[in-house]
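Got your viewer open? Let's take a walk through this one, stop by stop, and see what turns up at each place.

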Amino acid sequence: MSYDIIVLGSGPAGLAAAIAARGRDKSVLVIGNPWQDSPLAKAERVDNYPGLPGRTGLELLEELFRHAEALGTEFVTGKALSLLAWNGFSLTVGSQVYQGRALILAPGVVRAAKYPGEAEYLGRGVSYCATCDGMLYRNRPVTVVGLAPDAPQEANYLRSLGCQVVYVSPRQPQGLDETIPYVKAGKLAIKGEQTVTGLEADGALLPCAGVFILRRVVAPVDLLPTLATEEGVIKVDRRMASNIPGVFAAGDCTGGPLQVSKAVGEGHVAALSACEYLDANP
């Protein structure tokens, strides 16, 4: 499935980007969590959005969503597990692959800190995608670090492939195959030599060949390792363009102020810039 623009994130910046891009007659796919899960949805009252004071965050988001939907924006609920930047952009969500000629990053603030060893062994035993990499570990021991609601199902999938799975998380998982051992732990570190050799969980070493870290959201820099950041946010110019051609960013992921109006404005600019990029690169 191919689109002119893929928007990663279903908050105000992503929805505003979709609206602006559809206004330029570009096909748009928004990938993200349900829009009701946006942090804005928890706001009881928003008084600083120009022209629409006194709305709840949920009301603002619903109007943005309905507007984008009415214009023909397509939506996929889920998280992007991997991204290939070649001849456009290919994003994997579950078992589906979606292609876009341009990409707008609007995931909000991704606050999850990396575990010791996570960045060092990424691609050498550390993975964020069971569907993508599970077959590499068939008949081998792996640990699943479950931090997302669908993590137990992903662990079950790895088990069905023949992986020897141990599930690690701070809380008892729901829906985990009863044959999969569960370890309750919160302090984790990835250990290895040339590749991963184990996961240290609250001081106890769990030997394994692979560690699948399954969070609610994968940080953009983990999807695009060459993406330039500065002080933890995506570095963009006034066109909301990143250092990677065809990749734009908007909203909280570009830094403060963390305000709805700023996110919406940046989403609009990012979409118009993405449209100009597509028109210049047919």
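Start by selecting F212: at 0% relative accessible area, this residue is buried (buried means under 20% relative accessible area, exposed over 50%, partly exposed in between, with a 1.4 Å probe and protein chains only). Before you click on, know that this is a predicted model, where local features need pLDDT of at least 70 and side-chain atom pairs count only at pLDDT 80 or more, while totals for chains, interfaces and linings use all residues. Residues are numbered from 1 along each chain as its sequence is written, and side-chain values use heavy atoms, with hydrogens and water left out.

**Stop 1: the sheet**

Stay with F212 and add V144, which stands opposite F212 in strand 14. Helices (H or I, at least four residues) and strands (E, at least two) are DSSP runs, numbered from the N terminus. Strand 8 and strand 14 pair in the parallel sense over five bridges; two strands pair if DSSP finds at least two bridges between them. What holds paired strands together in general? Strands of a sheet pair through backbone hydrogen bonds, either parallel or antiparallel.

Now widen the selection to five strands: they make an open sheet in the order 7-14-8-9-10, with parallel pairing. At the edges you'll find strand 7 (126-127) and strand 10 (182-184), each pairing on one side only.

**Stop 2: the helix on the sheet**

Select residues 151-161 to light up helix 4, which packs on the sheet and touches strand 8, strand 9 and strand 14. Its direction makes about 165 degrees with that of strand 9 (axes are lines fitted to C-alpha atoms, for helices over the stretch in contact, and angles run from 0 to 180 degrees between N-to-C directions).

Which residues of helix 4 are buried? They are A151, P152, E154, A155, L158 and L161. These pack against helix 3 (130-133), strand 8 (141-146), strand 9 (164-169) and strand 14 (210-214), where contact means heavy atoms within 4.5 Å. Right after the helix comes G162, with a positive phi near 105 degrees.

**Stop 3: ring pairs**

Time for aromatics. Rings of Phe, Tyr and Trp (its six-membered ring) pair if their centres lie within 6.5 Å; planes under 30 degrees apart count as stacked, over 60 as edge-to-face and the rest as tilted. By this rule there are five aromatic pairs.

Show Y137 with F212: the ring centres are 5.6 Å apart and the planes sit at 80 degrees, so this pair is edge-to-face. Y137 lies in the loop between helix 3 and strand 8 and F212 in strand 14, so the pair ties together parts that are 75 residues apart in sequence. Y137 is buried too, at 10% relative accessible area.

Next, pick Y167 and Y182, whose ring centres are 6.5 Å apart with planes at 45 degrees, so the pair is tilted. Buried or exposed? Y167 is buried at 2%, while Y182 is partly exposed at 24%.

**Stop 4: a hairpin**

Jump to strand 4 (residues 82-85) and strand 5 (residues 89-93), which pair in the antiparallel sense over four bridges. A85 stands opposite F89 in strand 5. Three residues lie between the strands of this hairpin, and N87 takes a positive phi near 55 degrees.

**Last stop: loop oddities**

Zoom to G256 and P257, joined by a cis peptide bond with omega about 0 degrees. Then finish at D25, in the loop between helix 1 (12-23) and strand 2 (28-32). D25 isn't a glycine, yet its phi is positive, near 65 degrees, and at 61% relative accessibility D25 counts as exposed.
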